[in-house]
Amino acid sequence: MENKKQIDWKKYVITFFITATIFGTAIYASNFFNNKRIDEIKSIQESISTNIMSSETQVSLLSDLDCQDVGSSMLSTELNSLASRIEYSEKNINNADEEVQQLKKAYSLLEIKDYLLMKRLSTRCNKQFVFALYFYADSAKCPDCDKASTILTYLREKYPELRVYSFDYNLDLSALKTLITISKIKDNLPAIVIDGKAIEWPQDKDSLEKIIKAKYPKDAKVATTTSSTSTKK
Amino acid sequence: MQTIVSTLGTTVIFFSLYFEVFLLISLFESKKKRKELSTLEYYFPPVTILIPIWNEESTIVDTVESLLNLDYPKDKLHIMVIDDGSTDRSLEALQKFKGHPIVEVYSKPNGGKYTALNFGIEKMKTDFVGCLDADSFVDKNALKNIMRRFTDPEVMAVTPSMIIEKPSNILRKMQRAEYSYGNFMRKAYGSIGAIHITPGPFSFFRKEVFQKIGMYKHAHNTEDMEMAMRMQKNHMMIVNEPGALVFTVGPDTIKKLYKQRVRWVSGFLGNLIDYRAMLLNKKHGDLGLIVLPFAAFQIIITFILIGISIHKTGMQVYKYIYQLMTVGFSAPIFDFGWFFVDTSVLSILTVTLFLFIISLIMYGYKTVYGKWRISIEMFYFVFLYSFIAPFWLIKSVYNNIKGVHAPWR
């Protein structure tokens with residue numbers, strides 16, 4: 001009456017191959033979507049690049065500038081969209097670090113170009129933006145950067161004409177290094193430059209808000225901000 | 001930390017998928033054999049059905065009557081109700097069957113379900129015996145479908161398919177999906193000779209099983225699992241008959257469900273420890289090599305998943321509290337669009353596993369109702385169980401470490 005059992009090893013091996021195939025498909029699908037993301041980032045960057053060039057050309061062409069014609073809000077919205085995508089990719093696309101870093105460099109370059117253009121517009125069209133350059137590093141090198149990012153995100157929501165440009169201090173980009181040099185930033189992070197003047201990290205929201213409030217135009221109307229790219233954990 | 005969570009999650013999903021695929025292949029392989037079984041001639045040997053009761057005054061009459069309605073020759077059927085020292089009016093209710101030619105009622109001092117079963121086995125005069133819990137009812141074809149499986153002399157026990165009938169609330173609906181999943185598992189285990197529970201409601205045995213390997217034991221209050229494990233240890237064949245339908249009600253409150261599951265899982269762990277020699281033992285075939293190890297692994301998996309959930313929720317809560325402390329209250333900003341949908345390998349695999357489980361529950365429905373169906377209760381089962389199951393798992397592990405016996409009620 002005994003029911004002796006035999007092991008069908010072939011079934012164990014077949015099961016392994018089927019499971020491995022499911023895993024392989026999941027990895028392929030994940031890579032496929034990540035590549036799509038990178039393509040989307042590239043496409044946004046190209047669009048921003050074209051828009052910046054167009055705005056620069058407009059500014060150069062029009063000696064008697066009609067400031068109404070040179071839009072900036074659309075460009076800033078695109079930069080925001082790009083920033084949030086790069087931030088997401090930095091955190092979630094582990095196997096494409098190098099590619100994401102390249103995109104981040106391109107983004108930083110676009111930020112610098114936007115910053116310079118907006119400064120020119122601000123002067124020529126008498127638009128009163130408050131410009132904040134924010135330099136961060138990862139939380140191991142800059143324990144206060146998370147706090148600074150949170151405060152700046154909050155402030156740029158509250159003060160639409162505060163334009164925050166965020167830069168990874170350690171990004172290997174010559175234009176960024178030049179910006180760091182001319183802004184007289186040391187490696188004491190987080191570092192913030194308000195309207196061209198480096199300020200000491202004020203440690204809390206109220207102190208930083210006080211500095212920005214002092215420079216903020218009373219009759220501010222247009223909401224123009226850029227998002228910060230977070231530090232990679 | 002992110003890497004640890006991802007590695008653990010991926011490992012858990014790999015083993016879970018491996019196990020599900022293994023069972024599906026096994027079922028697929030046994031398709032031809034199952035087709036042959038469905039053409040078996042009916043076989044009507046004398047059989048005794050034991051109903052151990054303890055305070056079942058509200059259901060016992062219906063349970064006995066469902067047995068009297070069985071499509072089985074009445075001169076071959078013996079129903080034995082064993083009252084295990086009830087303190088309610090169960091015995092009064094059973095007066096209805098006084099003098100009935102095939103219903104016998106016995107009363108004994110309270111000693112636990114296994115003592116009532118042993119009492120009946122000692123008194124019975126047939127070569128086959130089955131049991132039915134007093135909160136369960138049977139389909140009229142259940143017994144004849146079961147008994148024809150005994151035409152194979154190798155078969156020592158047959159288990160049925162269990163159904164939660166007409167679930168009255170979400171909790172019972174979840175259990176219906178769970179039982180459907182259980183029916184798939186039992187069918188798959190049956191195809192590889194790895195059934196390790198002979199459920200209290202309507203499992204049947206040859207009398208010689210008890211003569212050869214002994215009577216029921218206390219077995220951490222899960223005598224149905226221990227008996228199956230003992231049979232497997234002695235290489236006795238247990239099969240599943242999907243066409244034998246047993247309806248049960250299932251707990252209707254979280255508290256009752258929690259108590260039932262603590263008893264089941266504590267008993268499972270206790271028996272697993274008692275029969276640990278079978279784990280990873282080639283002599284016991286797929287049961288020893290994959291089914292029992294995976295059952296044990298499932299407990300560990302649950303603890304890993306609890307850990308991952310606590311970590312993820314904790315990170316979100318920390319982030320929010322941090323923001324609250326830094327800048328005060330401000331509405332959280334969400335990013336929308338396909339770009340921000342999580343398409344990590346772990347997420348895709350989690351969705352795949354989820355779809356696998358839903359498909360297997362659907363298969364379980366097909367086994368019982370004969371057609372594929374999808375219903376909201378499957379989602380209740382997959383999502384809501386994830387929140388409540390950890391509580392009884394933790395308590396069961398605690399019970400086993402501390403040597404606490406989970407009570408019946």
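Two helices whose axes meet at an angle of 65 to 115 degrees count as roughly perpendicular. In the predicted model described here, helices α7(B) and α13(B), the latter spanning residues 376-402, pack at an angle of about 100°, and they are therefore roughly perpendicular to each other. Their axes are 8 Å apart. On the α7(B) side the contact is made by B:Ile170, B:Lys173, B:Met174, B:Arg176, B:Ala177 and B:Glu178. These residues meet B:Glu377, B:Met378, B:Tyr380, B:Phe381, B:Leu384 and B:Tyr385 of α13(B). Classified by residue type, the contact of α7(B) with α13(B) comprises 8 nonpolar and 4 charged residues, with no polar residue.

Helix α7(B), which covers residues 170-191, also lies across two strands of chain B, β6 (155-164) and β8. Relative to β6(B), the helix runs at about 155°. Both strands belong to an open sheet of 8 strands in chain B, arranged in the order β3-β2-β1-β4-β7-β6-β8-β5 with mixed pairing. The edges of this sheet are occupied by β3 (103-108) and β5 (136-138) of chain B; each has a single partner strand, so one side of each is left without a neighbour in the sheet. On average, and with direction ignored, neighbouring strands of the sheet are turned by 30° against each other. At the β5(B) edge, the partner is β8(B), residues 237-248, and the two strands pair in the antiparallel sense over 3 bridges. Within this pairing, B:Ser136 has B:Thr248 as its bridge partner.

Chain B also touches chain A, with 29 residues of chain B in contact with 31 residues of chain A. On the chain B side, α1 (2-29), α11 (285-327) and α12 (345-369) each supply at least two residues. The largest share, 6 residues, comes from α1(B). By class, the residues of chain B that touch chain A divide into 16 nonpolar, 10 polar and 3 charged.

Chain A has 233 residues, of which 36% count as buried. The chain contains 6 helices and 4 strands, and from the N terminus on its elements follow the order α-α-α-β-α-β-α-β-β-α. Among contacts in chain A with a separation of 6 or more, 78% are accounted for by residues 24 or more positions apart.

Strand β1(A), residues 130-136, is mostly covered, with 6 of its 7 residues buried. The strand is joined to β2(A), residues 162-168, by 7 bridges, and these two strands run parallel; in this pairing A:Leu133 stands opposite A:Tyr165. Together with helix α4(A), residues 145-158, strands β1(A) and β2(A) make a right-handed β-α-β unit. A further 4 bridges join β1(A) to β3(A), residues 191-194, in an antiparallel arrangement, where A:Tyr134 stands opposite A:Ile192.

Elsewhere in chain A, A:Lys113 lies in helix α3(A), which spans residues 97-124. This residue has 18 C-beta neighbours inside 10 Å and therefore counts as partly exposed, since a buried residue requires 20 or more such neighbours and an exposed one has 12 or fewer. The C-alpha atom of A:Lys113 is separated by 9.1 Å from that of A:Met53, a residue 60 positions away along the chain.

How values were computed:
Residues are numbered from 1 along each chain as its sequence is written. Chains are lettered from A and ligands numbered from 1 in the order in which they are written. This is a predicted model: local features need pLDDT of at least 70, side-chain atom pairs count only at pLDDT 80 or more; totals for chains, interfaces and linings use all residues. Two strands pair if DSSP finds at least two bridges between them. Axes are lines fitted to C-alpha atoms, for helices over the stretch in contact, and angles run from 0 to 180 degrees between N-to-C directions. Two residues are in contact if their C-beta atoms, placed from the backbone, lie within 7 Å. Ala, Val, Leu, Ile, Met, Phe, Trp, Tyr, Cys and Pro count as nonpolar, Asp, Glu, Lys and Arg as charged, and the others, Gly among them, as polar. A crossover is right-handed if, with the strands pointing away from the viewer, the path from the first strand over the helix to the second runs clockwise. Angles under 35 degrees count as roughly parallel, over 145 as roughly antiparallel, 65 to 115 as roughly perpendicular and the rest as oblique.
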